[in-house]
Amino acid sequence: MPTRQRRGESAGAAPLMRSACVGAAFRPNRLLKQMLVLGLGVATSGFAAAATAQTPAAPAASPVAQSGPPSPATPRETPRSGPAKPGDPLAAIDWLATPAPDAGLPGTVLLEPPVAGSARRPEVTVTPLASLVAPIGLVKPASTGLPVDLWRGSNAEALATLLASVPVRKSPAMQSLMFTLLLSETRPPVEGGERLLLARLDRLMDLGAPDPAQALAEQAGPTRSKARFKRWFDATLLTGDEQQACSALQDRPHLAPDYASRIFCAARLGDWPTAALLLEAAHALDLVDSRQLDLLDRFLNPDVFEDAPPLRAPKSPDPLTFRLYETIGERRPTSNLPRAFAAADLRDIAGWKAQLEAAERLTRIGALNPNHLLGLYTERSPAASGGIWDRVAALQRFETALETGSAEAVSKTLPKVWRAMQTAQIETAFADLFADQLARIPLDGQAANLAWRIRLLAPTYETASHSPPPSQGRSAFVAAVAQGVPTQELARNGVEQAIAAAFAADSAAPRKLQRLLDNGQLGESILRAMQLFAQGADGNLGDLTDALATFRAVGLEDTARRAALQLLLLDHR
């Protein structure tokens with residue numbers, strides 16, 4: 001029977017599609033045809049069926065067939081060997097519908113069992129996304145004692161706020177702990193890691209540590225974002241390493257914090273024509289503030305402004321403005337600028353007095369190694385008297401007395417140098433430098449009491465606590481704190497009672513911080529405990545107890561003891 005034309009089908013559609021799809025030039029060779037038939041039989045049938053479903057059927061030859069009712073749909077059959085029969089579906093490409101020749105070949109080209117029947121169940125391993133993020137930091141966890149997942153489970157914005165706001169000025173122990181948190185190699189949270197990194201860089205600059213900030217930014221990749229580059233660029237301007245930052249900016253101009261930085265870097269790299277062109281564009285298009293334009297004019301054309309009066313000093317310059325004033329010979333003092341600017345005075349281009357003042361300022365916040373301060377103190381003889389020169393003279397006389405080993409000489413010079421260190425508020429740095437040498441000098445009387453108190457402020461406080469002087473009235477409780485066993489019986493006032501409560505056997509972190517610890521939010525709990533300690537040092541004794549108890553609960557026993565000792569021994573704080 002001829003195939004009946006289905007209702008709505010076009011009589012010329014099938015020949016037209018066949019002509020369009022195949023064409024006279026498209027004829028596969030015999031090998032390709034056998035591969036498709038033998039290896040891809042299922043795909044061939046599917047393709048033929050799809051072509052049939054989308055292609056209208058060929059018209060019937062008899063006009064009677066066109067007037068009859070349509071035949072019911074029949075299920076699709078797999079092509080069989082032999083000639084095509086009426087009713088078989090037509091393929092858009094005729095050779096795809098050709099049945100496989102009976103050549104005695106196997107049913108598959110690959111002589112092995114089907115994959116689906118022989119495959120083993122794959123072993124699936126699950127790796128948290130957080131563990132795939134590379135840790136960032138300058139000090140290994142083995143050195144700090146803090147885990148690499150210190151910030152796990154905490155909100156990055158909340159951590160950034162805490163890092164920026166926790167006060168540490170009054171406690172050297174809290175300063176040391178803050179630097180440990182900022183520089184320890186830790187893995188940022190999965191979400192908000194960039195925000196936390198920027199907060200770490202900002203707090204390092206706030207504490208007057210542009211060198212660590214620069215190193216941390218370089219480790220993280222300073223050119224990965226414009227915000228990172230700006231912090232790196234500012235740090236290099238204060239450390240004197242702006243050459244590498246300017247080279248990076250030359251390759252990636254889109255990272256420039258502002259137009260003035262591009263002008264500065266072009267000149268810094270010796271490309272004066274480009275710097276002059278950029279300056280003219282800034283003038284014409286009003287791209288830079290007028291005061292900074294005047295400064296850049298003098299920077300690029302010093303001979304033109306040789307006899308011009310000095311520019312008015314800005315109240316709060318940014319690092320680039322500060323550096324530009326330095327390059328035109330109008331260097332600004334840093335005593336009334338943020339601490340990070342003091343690091344610029346540690347370079348040899350600053351005078352000795354400026355270096356001494358900057359070193360004391362940075363040592364006071366814990367941003368400078370005490371040995372650097374000692375090197376500046378003993379670099380040369382005092383140039384005058386009064387103020388910082390008296391401190392330099394006192395320390396040099398004391399160091400000379402220590403070198404002689406004379407107990408009498410040390411007894412005479414120790415009280416005076418200690419008063420000088422108290423004036424500068426750098427007692428703990430002095431203790432770090434000289435505690436071990438003081439322990440070897442046989443002192444007595446007031447000198448022995450003072451030397452013992454100084455030794456309790458040093459890292460070897462526990463060793464010193466076992467040999468208190470007989471005439472030290474508060475020696476019992478202070479020695480007990482150094483050993484981690486103060487009791488209420490030894491306490492004589494509210495502060496000592498609060499400290500003793502934190503070291504009691506049943507002490508524990510407060511409930512709100514314990515919940516953080518139970519959730520694994522160690523870094524956030526430490527920061528919040530530091531906040532409580534600052535409030536406790538200001539007189540809220542309940543917060544003092546909670547803070548010290550939390551430090552001990554998380555394993556920061558040394559921090560808890562040193563913080564308590566400093567609170568007892570540094571009266572001016």
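Buried means under 20% relative accessible area, exposed means over 50%, and partly exposed lies in between (1.4 Å probe, protein chains only). The model is predicted: local features need pLDDT of at least 70, side-chain atom pairs count only at pLDDT 80 or more, and totals for chains, interfaces and linings use all residues. Residues are numbered from 1 along each chain as its sequence is written, and side-chain values use heavy atoms, with hydrogens and water left out.

**Exercise 1. Describe the chain as a whole.**

Step 1. Start with burial. Of the 573 residues, 43% count as buried.

Step 2. List the secondary structure. Helices (H or I, at least four residues) and strands (E, at least two) are DSSP runs, numbered from the N terminus. The chain has 30 helices and 0 strands.

Step 3. Check the contacts (heavy atoms within 4.5 Å). Take those between residues at least 6 apart in sequence: 61% join residues at least 24 apart.

**Exercise 2. Count the salt bridges, then find which residues share partners in one network.**

Step 1. Fix the rule. A salt bridge is a side-chain nitrogen of Lys or Arg within 4 Å of a carboxyl oxygen of Asp or Glu.

Step 2. Count. The rule gives 24 salt bridges.

Step 3. Take a pair within a helix. Arg561 and Glu557 form a salt bridge, with the closest N and O atoms 3.0 Å apart. Both lie in helix 30 (residues 557-569), 4 residues apart, about one turn of the helix. Arg561 is buried at 12% relative accessible area. Glu557 is partly exposed at 22%.

Step 4. Look for shared partners. Salt bridges join Glu242, Arg268, Arg323, Glu326, Arg331, Asp345 and Arg347 into one network.

**Exercise 3. Place the salt bridge of Glu157 and Arg195 in the chain.**

Step 1. Take the distance. The closest N and O atoms of Glu157 and Arg195 are 3.3 Å apart.

Step 2. Locate the partners. Glu157 is in helix 7 (residues 156-165) and Arg195 in helix 9 (residues 193-206); the pair links distant parts of the chain, 38 residues apart.

Step 3. Add accessibility. Glu157 is partly exposed at 43%. Arg195 is also partly exposed, at 34%.

**Exercise 4. Explain why the pair Asp538 and Lys170 ties together separate parts of the sequence.**

Step 1. Confirm the bridge. The side chains of Asp538 and Lys170 meet in a salt bridge at 3.0 Å, N to O.

Step 2. Locate both ends. Asp538 sits in the loop between helix 28 (522-537) and helix 29 (541-553), and Lys170 in the loop between helix 7 and helix 8 (172-183), so the pair ties together parts 368 residues apart in sequence.

Step 3. Classify them. Asp538 is exposed at 55%. Lys170 is partly exposed at 39%.
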